[in-house]
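I opened this entry to log what I looked up in the model. The notes follow in the order I made them.

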Amino acid sequence: MARSSRRPIDRPVRPTFWLSSIGIGSALGYAAALLRFPLLGIYAQPIQNLDKLTSSNGWIGLALAAGVLALFGLYALGALALAGAARGLGSGAGGATQAPSPKPQALLVLALIGFPLLFLALLVFVYPTSSVDLYDYMFRGRMLVRYGANTFVDVPSDFKSDPLFWYVAWRHAVTAYGPLWEGLSWLTARLAGEAPGLPGAGAARDAELLRLMLAYKGLAALGFLSCGAAIWLVLRRSAPEWRWLGLYLWLWNPLALWESLAAGHNDAWMAALIVLAVGAMSERQIDRVTRRQGDKVTIKDGMVTPSIGAFVALTLGGLVKFLALMFGPLLLAAALRRLPDARARLRLVLLGGLACGGLVALAYAPFWVGWGTLRNFGDRGTLFTSSWLAVLQAPLTLGPLKAAVGAPSLLALLVSKDYAQPAAVGIGLGLLGLGVLWASWRSWRAPGRLAAHALWLLLWFLFLCNPWFQPWYLLWALALLAAQPWRPAAARLVVVFCCTGMLSYLAGVFLLPALGWSGDGAEWNALTSALLYLPPLLALLWGWRLAVSVRSRPSAAPARPEGGASAIE
């Protein structure tokens, strides 16, 4: 009898060996970051960043770039090892698992989860060289607790006498986040020892600052781990044979680790809620509450429940960061499509609207002072960086226009200079609207592939619609990818995008001074956009080529829970 080519994941000698080796190598990289940028040695110096800490030394830049590439190379090797193990499980036609998936070895699970905890312990004590947003989180939490301020209308500059004020970068801006995040921030500040009263000074100031930093890093670490738990839970129900790979893609990603644990960004909280919302509408989850008769799907008692649960989870995500709400039309289209008649659909809309509307009202109640509370929706609408929209509105600064005063932008050659920025924002919003409509239509046509449509929309936003790109935005796409890890072309695109996103920090610190260009000029924005977006696009084109090759050899294609898929989907 011929030996089966399948290698079950309960004998993963090689994956365990590779994962352990990769974990040791990655830990050494993060330990080097700790030695070079120790939090305890830098945190009390106001507004420190990578260029100040390295003096933009080119050799340091090359060393850091090599370190980033090495970390992502190790990460890719681990993903390949786990993907081979998961693929060996196999599945039946249409992705239906034939038998309960075997459990991985204890050593593999220990390595898979234990090393990220080690990375966490190292990175929590690394200074956030790439962004000082953590100080803004801390100060606004302090405003909430110590001064009873309303961070939706009050700004840090209203509290200049506070000794921590000079650590804040966004001194004249209200919070950029939703009320759920502000509530978490209030709670974190309280747990860190903040209380109503006068601030300390001198040594007391430094002690307060360190307590707040560690508390907010702890909050970010909790969000990071919560997102991993959400990914594992969704995959455990929808595609259990892929859950360990999905968990790896999130927990081991260098960008996710850096942004969540070193920089302390809050994006993992929103990403976790998006994953839960999309996961609640997965094909297998819906099958639990429906019965099929031929091509018809009929409703069971409680069919509306998972849909409302998805809406509530997405609303909570929007109450952390507003961008999560762009997935609302997709969820609604997928939910309505699965219902049998207009009466059931109307019931879902009414109940879901009441639940989400009530949640929003409850979250905003402590902060509401009228429509001025929503000022943060538009305050940062004129920020541009590292996008083709930034190129359109940025002034031309090279060649014959270099010495010109008020050099025009590309858009300003067509419209008035005063309208160049609003025009760029309008183009981005228009493209986003088209993307939402298209993704919603696809969700209506194929509701079982909601996660794929959501990932497509998010990539559409990041590539074409977002004028203000920041590397930590990629955590949203990474979380959605990790919830559907059987998509190799999408994985290549997102992972390469994460790598170029992390390298973009180094470009601004080390490459820009070497070129001597203006950081606000169209030429620099064009170069950084090319460095940021072209490699993942090339990875996507390669994915298309491989997808065509795989389709020509059907027997070689691994089974997927949602059937066939395109390069991104």
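**Loops with positive phi**

I started with Ser 56, which sits in the loop between helix 3 and helix 4 (58-87). This is a predicted model. I looked up the backbone of Ser 56 and found a positive phi of about 55 degrees, although Ser 56 is not a glycine. I then checked its exposure. Ser 56 has a relative accessible area of 25%, so I logged it as partly exposed.

I went on to Ile 47. Ile 47 is in the loop between helix 2 (39-42) and helix 3 (50-54). Its phi is near 50 degrees, again positive in a residue other than glycine. Ile 47 has a relative accessible area of 23%, so it too is partly exposed.

**The chain as a whole**

I stepped back for the totals. The chain has 21 helices and two strands. Of its 569 residues, 52% are buried. I also looked at contacts between residues at least 6 apart in sequence: 78% of them join residues at least 24 apart.

**Cores**

Which residues have the most contacts inside the largest nonpolar core? I found Phe 72, Tyr 135, Tyr 248, Trp 250, Trp 252, Phe 327 and Leu 458, in a core of 153 residues. Helix 20 (residues 488-515) gives the most to this core, with 13 residues. Apart from this core lies another, of eight residues. Phe 384, Leu 389, Ala 420 and Ala 424 are among them. I noted the general background here: in soluble globular proteins, nonpolar side chains tend to be buried together.

I followed Tyr 248 further. I left aside its neighbours within four places in sequence. Tyr 248 is then in contact with Leu 19, Ile 22, Leu 74, Tyr 75, Gly 78, Ala 79, Leu 82, Leu 112 and Asn 253.

**Helix 9 and helix 5**

Is helix 9 largely enclosed or largely open, and why? Nine of its nine residues are buried, so helix 9 is largely enclosed by the rest of the structure. I listed the buried residues of helix 9: Arg 243, Trp 244, Leu 245, Gly 246, Leu 247, Tyr 248, Leu 249, Trp 250 and Leu 251.

Next I took a packing partner. Helix 5 (residues 106-123) packs against helix 9 (residues 243-251) at an angle of about 20 degrees, and their axes are 10 Å apart. Angles under 35 degrees count as roughly parallel, so I logged helix 5 and helix 9 as roughly parallel to each other. The crossing of helix 5 past helix 9 is left-handed. From helix 5, the contact uses Val 109, Leu 112, Ile 113 and Pro 116. From helix 9, it uses Trp 244, Leu 247, Tyr 248 and Leu 251. I sorted the contact of helix 5 with helix 9 by class: eight nonpolar residues, no polar and no charged.

**Helix 6 and helix 7**

I looked up a second pair. Helix 6 (residues 133-146) and helix 7 pack at about 80 degrees, with axes 8 Å apart. Helix 6 is therefore roughly perpendicular to helix 7. Helix 6 brings Tyr 137, Arg 140, Gly 141, Arg 142, Leu 144 and Val 145 to the contact. Helix 7 brings Trp 181, Glu 182, Ser 185, Trp 186, Ala 189 and Arg 190. By class, the contact of helix 6 with helix 7 has six nonpolar, two polar and four charged residues.

I zoomed in on Ser 185, in helix 7 (residues 179-191). Its relative accessibility is 1%, so Ser 185 counts as buried. Neighbours within four places in sequence aside, Ser 185 is in contact with Tyr 137, Arg 140, Gly 141, Leu 144 and Tyr 216.

**Helix 14 and helix 18**

I ended the helix pairs with helix 14 (residues 328-338) and helix 18 (residues 450-465). Their axes come within 10 Å and cross at roughly 160 degrees. Helix 14 and helix 18 are therefore roughly antiparallel to each other. The crossing of helix 14 past helix 18 is right-handed. Leu 330, Leu 331 and Ala 334 of helix 14 meet Leu 450, His 453, Ala 454 and Leu 457 of helix 18. I counted six nonpolar, one polar and no charged residues in the contact of helix 14 with helix 18.

**Gly 430**

My last check was Gly 430, in helix 17 (residues 420-445). Gly 430 has a relative accessible area of 38%, so it is partly exposed. Gly 430 and Cys 465 lie 35 residues apart in sequence and 8.2 Å apart in space, C-alpha to C-alpha.

Key. Residues numbered from 1 in each chain as written. Predicted model: local features only at pLDDT ≥ 70, side-chain atom pairs only at ≥ 80, totals over all residues. Heavy atoms only, no water. Axes fitted to C-alpha atoms, helices over the stretch in contact; angles between N-to-C directions. Helix = DSSP H or I, 4+ residues; strand = E, 2+ residues; numbered from the N terminus. Parallel < 35°, antiparallel > 145°, perpendicular 65-115°, else oblique. Left-handed = near helix turned anticlockwise from the far one by under 90°. Contact = heavy atoms within 4.5 Å. Nonpolar A, V, L, I, M, F, W, Y, C, P; charged D, E, K, R; others polar. Buried < 20%, exposed > 50% of the residue type's maximum accessible area, 1.4 Å probe, protein only. Core = buried A, V, L, I, M, F, W, Y, C linked by side-chain atoms within 4.5 Å.
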